[in-house]
Amino acid sequence: MQLTRCTDYALRVLIYAGMHEQRLVTIPEIAQAFGISYNHLVKVVHRLASAGYLESTRGKHGGIRLGRPPQAIGLGEVVRHMEIHLAIAECFDAHTCSCRITTACLLRQVLREAALAFHEVLNRYTLANLLENRSSLQDLLLPSPQSPASVSGTPT
């Protein structure tokens, strides 16, 4: 099973906001930290805020922060909220399924069981679990210091 980019980004936004609970963070800041699209993040942040995972403040000094404590944000809940279609295979969507053996196929039950196991594992974890190595995450996401030559525009 592969998560959509939207869900991947949602989890990254929550991790980043959780790492900086003491202040508001901005979408451009998150986009730069992860090297991902600002435009995608705007949509993701909107969905997370609409669901109460984030609080957003508009204006010159605005930004986002967690809407709940990290231990109250379940990973399974976030994934289910962000994934519009959880169909693991074509046969899980009756409207688009064109497989001829769907009614007799036993693979569907195996895949359903696998999907349930996937969600059961996610349900055991919260955002707090993902923040246990906060200092290592911060080391990786802090902007790398630029050398004086690269700051001035002189090639090194």
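The following dialogue takes up how the helices and some single residues of this predicted model are described.

Reader: Why are helices H4 and H5 called oblique to each other?

Author: Helix H4 (residues 75-82) and helix H5 (residues 107-123) pack at an angle of about 130 degrees. Roughly perpendicular covers 65 to 115 degrees and roughly antiparallel begins over 145. The angle of H4 with H5 fits neither class, and the pair is therefore oblique. Their axes are 6 Å apart.

Reader: Which residues of H4 and H5 meet?

Author: From H4 come Leu 75, Gly 76, Glu 77, Val 79 and Arg 80, and from H5 come His 119, Leu 122 and Asn 123. Sorted by class, this contact has three nonpolar, three polar and two charged residues.

Reader: What makes H1 roughly perpendicular to H3?

Author: The axes of H1 and H3 cross at roughly 70 degrees and come within 9 Å. Angles of 65 to 115 degrees count as roughly perpendicular, so H1 is placed in that class with respect to H3. On the side of H1, the contact is made by Arg 5, Cys 6, Tyr 9, Ala 10, Val 13 and Leu 14. On the side of H3, His 40, Leu 41, Val 44, Val 45, Arg 47 and Leu 48 take part. These residues divide into nine nonpolar, one polar and two charged.

Reader: How do you know that the length of H3 agrees with what its number of residues should span?

Author: Helix H3 (residues 38-50) has 13 residues, and at 1.5 Å a residue these should span 18 Å. The C-alpha atoms at its ends are 18 Å apart, which agrees with that expectation.

Reader: Why are the buried residues of H3 said to line one face of the helix?

Author: The buried residues of H3 are Leu 41, Val 44, Val 45 and Leu 48. Seen down the axis of H3, they fall within an arc of 100 degrees, so they line one face. The face turned away from this buried side carries the exposed residues Asn 39, Lys 43, His 46 and Ser 50.

Reader: What do the buried residues of H3 pack against?

Author: They pack against helices H1 (5-19), H2 (27-34) and H4, and against strands E1 (54-57) and E2 (63-66).

Reader: What puts the buried residues of H4 on the same side of that helix?

Author: The residues concerned are Leu 75, Gly 76, Val 78, Val 79 and Met 82. They cover an arc of only 160 degrees around the axis, which puts them on the same side of H4. Their cover includes H1, H3, H5 and helix H6 (127-130).

Reader: Why does Leu 3 count as partly exposed?

Author: A residue is buried under 20% relative accessible area and exposed over 50%. Leu 3 has 28% relative accessibility, so it counts as partly exposed. Leu 3 lies in the segment before H1. Beyond its neighbours within four places in sequence, Leu 3 is in contact with Leu 11, Val 79, Glu 83 and Phe 118. Leu 3 and Glu 83 are 80 residues apart along the chain, while their C-alpha atoms are separated by 7.5 Å.

Reader: What makes Val 42 and Ala 114 partly exposed?

Author: The limits of 20% and 50% apply here as well. Val 42, in helix H3, has a relative accessible area of 33% and is therefore partly exposed. Ala 114, in helix H5, has 41% and is therefore partly exposed. The C-alpha atoms of Val 42 and Ile 27 are 6.9 Å apart, and those of Ala 114 and Ile 88 are separated by 9.4 Å.

Key:
Residues are numbered from 1 along each chain as its sequence is written. This is a predicted model: local features need pLDDT of at least 70, side-chain atom pairs count only at pLDDT 80 or more; totals for chains, interfaces and linings use all residues. Side-chain values use heavy atoms; hydrogens and water are left out. Axes are lines fitted to C-alpha atoms, for helices over the stretch in contact, and angles run from 0 to 180 degrees between N-to-C directions. Helices (H or I, at least four residues) and strands (E, at least two) are DSSP runs, numbered from the N terminus. Angles under 35 degrees count as roughly parallel, over 145 as roughly antiparallel, 65 to 115 as roughly perpendicular and the rest as oblique. Contact means heavy atoms within 4.5 Å. Ala, Val, Leu, Ile, Met, Phe, Trp, Tyr, Cys and Pro count as nonpolar, Asp, Glu, Lys and Arg as charged, and the others, Gly among them, as polar. The expected span of a helix is 1.5 Å times one less than its number of residues. Buried means under 20% relative accessible area, exposed over 50%, partly exposed in between (1.4 Å probe, protein chains only). The arc is that of the directions from the helix axis to the C-beta atoms.
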